Amino acid sequence: MHGSHATGSPYAPHTEEDRTAMLEAVDADTVEDLFDIPADVRFEDGFDIDARTERETRRLVRSVLGRNDDLTELLGRGHYGYYIPSLVDHLADRSEFLTSYTQYQPEISQGFLQALFEYQSLLVELTGLEVANCSMYDAATALGEAATLADRIRDTTGHRVLVPERLRAERQSTLENYVAGTDLAVETYPVEDGNVDLAALEETIDEEVVMLYAENPTVRGTIEEHLDAVGDLANDNDALFVLGSDPIALSVLQRPADVGADVVIGDASVLGLPTSYGMGLGLFATREDYLRQVPGRLVGASEDATDRRAFTLTLQTREQHIRRERATSNICTNQAWVALRTAMHAAVLGPSGMVDLAERDVRRARDLAARLDGIVGVKAPVHDRHHLREFVARVDQPATAVAEDLERRGFAVHVLGDHEIQVCVAGVSDDRIDRFAEAFAEVAR
Amino acid sequence: MSDDRPVGEANSRYDQARYIENGEYEPLLSAKDLTRVEIGGGSGDGGDESDGTGSDASPLPDDLTRDSLELPELSEPELARHYTRLSQMIYGIDSGPYPLGSCTMKYNPKFTEDVAALPSAAVHPDRSEGSVQGTLELLYRLQDYLGRIGGMDAVTLQPPAGAAGEFVGIRVAAAYHEHNGEGHRDEVIVPESAHGTNFASAALGGYDVVSLPSDDEGRVDLEALEAALSENTAALMLTNPNTLGLFERDITEIAEMVHDVGGLLYYDGANLNALLGRARPGDMGFDVMHYNVHKTFATPHGGGGPGAGPVGVVDDLAPFLPTPRVRERDEGSKSSDPVYERFEPEHTIGKVHGFDGNWLVLVKAFAYIARLGDEGLADASASAVLNANYLAEQVEYDVPYGPFHHEFVASAGGQDAADVAKRMLDYGVHPPTTKWPEIVPEALMTEPTEVESKATLDRLAAAFNAVAGEETETLEHAPERTTARRIDQTSAARTPQLSWQALEDE
């Protein structure tokens, strides 16, 4: 009988006999004798948290989360709900993947290291840059890390970091926290009809700029048309050109290396995770020149004592557990398991599946925009640009009222301003998009 | 005392799965296939003839697209085998004991995966408050649980990992001092033996790091602390019990000393598993702390993450926490269910994650705490501390510092700790953390957690003791029975090959 089960942790396997024998071995009468805690800081109270059986706990969580409305989400703006193939859940949930630690003992962790190496390789192909780490937390923190990288490698006297004025406020705020310990100052540059306003950017950029950030697609779903010119502006001013994107966008859009990007950041969990209330996977890729300044973990190939190829975490002298306050980042625990899922999802799709997924949504977004545009009182898309999977629509009715009406009919959309709504088709089935368009026609009039 | 225990090869042999194909371990996906897909052929208007012949061409104009994409194109059965084989080449908690000091590798209950996979958990962060009441309620209740467990007044769940939590603590401290007109404080004090992240997080926040030596007993040296503290001190970061497993007995005095100079006391929650139900950081005088839910609350480590590093603070610091937090709406609601809302703390530092952190991990942590309750949490600590003490007693290596709690640091003495670790792999156990903290020569930092039975601890001790009796040469040639043999770290770092594309250049 496992004595602790009645009142203790259900996951501590000790029997009463074990406990007695162990206490005897350590020469203690009770386990409390082993705690060397002064009386004045001892906690004698309880937390007032009731223990539950597994079944009761599952019921509790199900009932709490059951208060979430079951809506069809036409939501994006940096977090997406693509369909996740069953293979990803079943194989990523194998307990060897799920319950192992960081691969500090590579000889018994080859499988995870290889999966992460394959993840890094996927990003190298998508970005055209030579080095990808095996994860940051999310796009916003990856952007912050890019800025501290810029701070370390740029010799200029300047301190300006330029980001688009339409950047998600949360992303900008995270960036500002990351640079709070540096002399860098974040400034915005104008956008024109959704995309970078090249003329305005040219006017504001100068040699005081250490980093220029742009996104493709933009947060409003538009595809940038002159990224090479943006890259040139950065290059001419010796600023680090950081591009935000994601693996599905990168499967079809211009390759970052071809437009002069020095760093690519973004959310790689568009592949691998369903909508997860914003949980993500920070993509971080850069040029080989900056290898020794890269934040986070890197998996490299080497050989073992039998001369066979084997994988290991490498260049760890960049990291906090060795370099402490001079490390390239404070990151330790990262998003490795999400990176595994992303690699698996990409593998299931293959290159043709990834390209198809992206192109299909370009068409579906365009078709939906055209349908909404046909509704009296709606203009869609607002921007005269190409869109990847989401677009902004203008509604004559107050946007909040339209969104509330849509929610009552089972659909969630973004409200951007008094009369602007953003709609994303990623992961939404065709028949739901049909029903959404019908509902929209009813509420937007 | 363990002389009569079965040790050695015959009784504890271990062989990890090892596939060899064409002289290599499981081939890379890229060795199995690489397919190049061309992109383009689109004028940008091609897709208008929606499902006609136009669908082959890209719906985007050529100048907006890349030329091609080259990646493996494999069937699902091939992939299932690939990843199954990879998984068999990994040692996890479910494979055997994993006493990695400071990492709290405890069993991850399976049911928490089920609750995190509920379709109702899969919601977008930009949903309206009214439509995600379940998510907000769970976050609210978890904030509340963590506050009680740590003795803290307010909690943010946004930091996606322990180091991110430290960074929040540092930013909150900076904002607090700034708010009080004390922005001149530019130093953070960190004990020598602290986790590397403490130093790095303080540095990321722009602080000068003042390193604090320990006293002869392995605890904070009060005289050295006195000397380090000044009107420039922003905070002292402490782990308690510290990385040697020792409780900082002078914690009340330390807190007074830090507070007397106007500094804040930060608690690194990495070792909270030692104290559940016995002592709370809030009661010890800590002003701000992070929780490692992937340690203390059993959410899986996933090969390096995702974790979550919620931060708790005392009332004075609550206005500076990241935004948003979740609260119960106080207006009397008509329905019986309380209504939850997001709110922005008055002097918030803003965001430290693009959304609200690692939500799915938070669901698992909530489920774990709700499952264990007071008794389970208190027993987790009791059993973890008992296990560490029992294991240390069975291990022949010297353990110079005590009394320790959930972990102990043994010394490999004349042996190289890293080699000891490699050899332990051959005995079917995961080795301890090695060579750290440096105060113990050839450190073997060992944390068995509460999930190991006496029998497993005996087997683990047998592995330690078998290695303790082995020759240097044996250790240097280990491991032998793992998928890969000893890996050449030097050449990996000297000639970095970080992708399959880099291998092709060979």
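Colleague: Why does the radius of gyration of chain B agree with that of a compact globule?

Modeller: Happy to show you, and remember that this is a predicted model. The rule multiplies 2.2 Å by the number of residues to the power 0.38. For 506 residues that gives a radius near 23 Å, and chain B has 26 Å, so the two agree. Along the principal axes, the C-alpha atoms of chain B fill a box of roughly 80 × 70 × 45 Å.

Colleague: What makes a residue of chain B count as buried, and what percentage of the 506 residues do?

Modeller: A residue is buried if 20 or more other C-beta atoms lie within 10 Å of its own. In chain B, 62% of the 506 residues count as buried.

Colleague: How do you know which contacts in chain B link residues 24 or more positions apart?

Modeller: Start with pairs whose C-beta atoms lie within 7 Å, since that is what contact means here. Then take the contacts in chain B with a separation of 6 or more: residues 24 or more positions apart account for 73% of them.

Colleague: Chain B has 17 helices and 14 strands. What makes strand 13 and strand 14 of chain B a pair?

Modeller: Pairing asks for at least two bridges between the strands. Two bridges join strand 13 to strand 14 (residues 443–446) in chain B, so they pair, and they run antiparallel. As for bridge partners, Thr433(B) has Met445(B) in strand 14 of chain B.

Colleague: Why are strand 12 and strand 13 of chain B called edge strands?

Modeller: Look at the order of this open sheet of three strands in chain B, 12-14-13, with antiparallel pairing. Strand 12 (408–411) and strand 13 (433–434) of chain B each pair on one side only, and they are the edge strands.

Colleague: Which UniProt annotation covers residues 380–474 of chain B?

Modeller: An unreviewed UniProt entry gives "domain: Glycine dehydrogenase C-terminal" for that span. Residues 380–474 of chain B are 44% helix and 11% strand, and the end C-alpha atoms lie 37 Å apart. For chain A, the annotation from an unreviewed entry is "domain: Glycine cleavage system P-protein N-terminal", over residues 11–411. That span of chain A is 38% helix and 15% strand, with its end C-alpha atoms 42 Å apart.

Colleague: How many residues does the contact take from each chain?

Modeller: It takes 161 residues from chain A and 171 residues from chain B. On the side of chain A that touches chain B, helix 12 (residues 336–373) gives the most, with 18 residues. That side of chain A divides into 70 nonpolar, 52 polar and 39 charged residues.

Notes:
Residues numbered from 1 in each chain as written. Chains lettered and ligands numbered in written order. Predicted model: local features only at pLDDT ≥ 70, side-chain atom pairs only at ≥ 80, totals over all residues. Helix = DSSP H or I, 4+ residues; strand = E, 2+ residues; numbered from the N terminus. Buried ≥ 20, exposed ≤ 12 C-beta atoms within 10 Å, placed from the backbone. Contact = placed C-beta atoms within 7 Å. UniProt positions renumbered as here; feature names shortened; annotations may be inferred. Nonpolar A, V, L, I, M, F, W, Y, C, P; charged D, E, K, R; others polar.
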